[in-house]
Amino acid sequence: MDVELVIAVDISYSMEMEDLVAQREGFATAIVSQEFLEALRAGPMGKIALTYIEWSAANDQKIVVPWRQIDGPEAANAVATELMQAPILRGSRTSISGAIKFAVPLFKQSPYRGARQIIDVSGDGPNNVGDPVTTARDAALQSGIIITGLPVLINATPSGTTDINHIDHIDWYYEDCVIGGPGSFVVPITDRQNFKEAIRTKLALEVAGLTPRQSPAPAVEEKPRVLCSIGEKLWQQRWGTVGPAITATKSPALNASSPPNKEDVLLNMKIKGICRGC
């Protein structure tokens, strides 16, 4: 196979139902699109293996379409039909780390072997439960797996409001905290009208082994523009709980005898809706 591709799709309640439908339709139509099939034929082998999973909380993942070989229009149509016939379910919380950890062993379980192994993660909010997203990401990268992103900006936090499920610049968060590996990239979905187009473009690029003209992935040594634990901290601030992702290093904001650090100051500004892109 040219590629083994795990498509990992967010179905948490932060996603509007109409967006979940558009997301499912977007992947189904992308798989049978001319752009995708041309990219498929252009590969050395001319075939890929694909599985489609949906995820929400740390231990809530489901395989919707198990590993399938796609080597032409007939196989692509069969996978798209299988995908569209499956019911759309929803779940609570957002664990990108859980999705990545669930996806990694799927490659060993696959009956196929691809020259590249990719996890394609889509979602509209930051990790807020389970392991830190960077821990899961780095473990996957050490196994030679590439992670790409499809951040959904449709429900991004408006100025002056508070939302524990969404943040400004979820695209920056995906770029700096989620994706990684050679040729990793994101294709953001900025409005409902370009849902299908963005998915089609991204799948075609992945299959062809290409990246967008302006790849946004920062250098490894650069500091993330968005706090990678922002989701866990927002949840903690809202509900007064400490999740596994931040128990190891207790935030100074929780200790009255310690002054708040820069990250906590930015977080408080974010919660008050006065810091765009914190």
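At what angle do helix 4 and helix 5 pack, and how far apart are their axes? The views below start with that pair and then move on to the sheet, an aromatic pair and a second pair of helices. Please keep in mind throughout that this is a predicted model.

**View 1. Helix 4 packs with helix 5.** Here helix 4 (residues 96-109) meets helix 5 (residues 133-142) at an angle of about 20°, and their axes are 8 Å apart. Angles under 35 degrees count as roughly parallel, and the two helices are therefore roughly parallel to each other. The crossing of helix 4 past helix 5 is left-handed. On the helix 4 side, look for Ile96, Ser97, Ile100, Lys101 and Val104; on the helix 5 side, the contact is made by Val133, Ala136, Arg137 and Ala140. Sorted by class, this contact has six nonpolar residues, one polar and two charged.

**View 2. Five strands form an open sheet.** Follow the strands in the order 3-2-1-4-5, and you will find that their pairing is mixed. At the edges sit strand 3 (61-70) and strand 5 (146-151), each of which pairs on one side only. From one strand to the next, the twist averages 15°.

**View 3. Strand 1 pairs with strand 4.** Strand 1 (residues 3-10) runs in the parallel sense with strand 4 (residues 116-123), and seven bridges join the two. A handy place to start is Val6, which stands opposite Ile119 in strand 4. Also worth finding is helix 3 (residues 73-85), which packs on the sheet and touches strand 2 (48-55) and strand 3. The direction of helix 3 makes about 165° with that of strand 3.

**View 4. Phe27 and Tyr52 form an aromatic pair.** Three aromatic pairs turn up in a search of the whole structure. In this one, the ring centres of Phe27 and Tyr52 are 5.6 Å apart and the planes are at 80°, so the pair is edge-to-face. Phe27 belongs to helix 1 (residues 17-31) and Tyr52 to strand 2; with their positions 25 residues apart, the pair links distant parts of the chain.

**View 5. Helix 1 meets helix 3.** The axes of these two helices come within 8 Å and cross at roughly 170°. Helix 1 and helix 3 are therefore roughly antiparallel to each other. Helix 1 brings Arg24, Glu25, Phe27, Ala28 and Ile31 to the contact, where they meet Ala76, Val79, Ala80, Leu83 and Met84 of helix 3. By class, you will find eight nonpolar residues, no polar ones and two charged.

Technical notes. Residues numbered from 1 in each chain as written. Predicted model: local features only at pLDDT ≥ 70, side-chain atom pairs only at ≥ 80, totals over all residues. Heavy atoms only, no water. Axes fitted to C-alpha atoms, helices over the stretch in contact; angles between N-to-C directions. Helix = DSSP H or I, 4+ residues; strand = E, 2+ residues; numbered from the N terminus. Parallel < 35°, antiparallel > 145°, perpendicular 65-115°, else oblique. Left-handed = near helix turned anticlockwise from the far one by under 90°. Contact = heavy atoms within 4.5 Å. Nonpolar A, V, L, I, M, F, W, Y, C, P; charged D, E, K, R; others polar. Pairing = 2+ DSSP bridges. Phe/Tyr/Trp six-rings, centres within 6.5 Å; stacked < 30°, edge-to-face > 60°.
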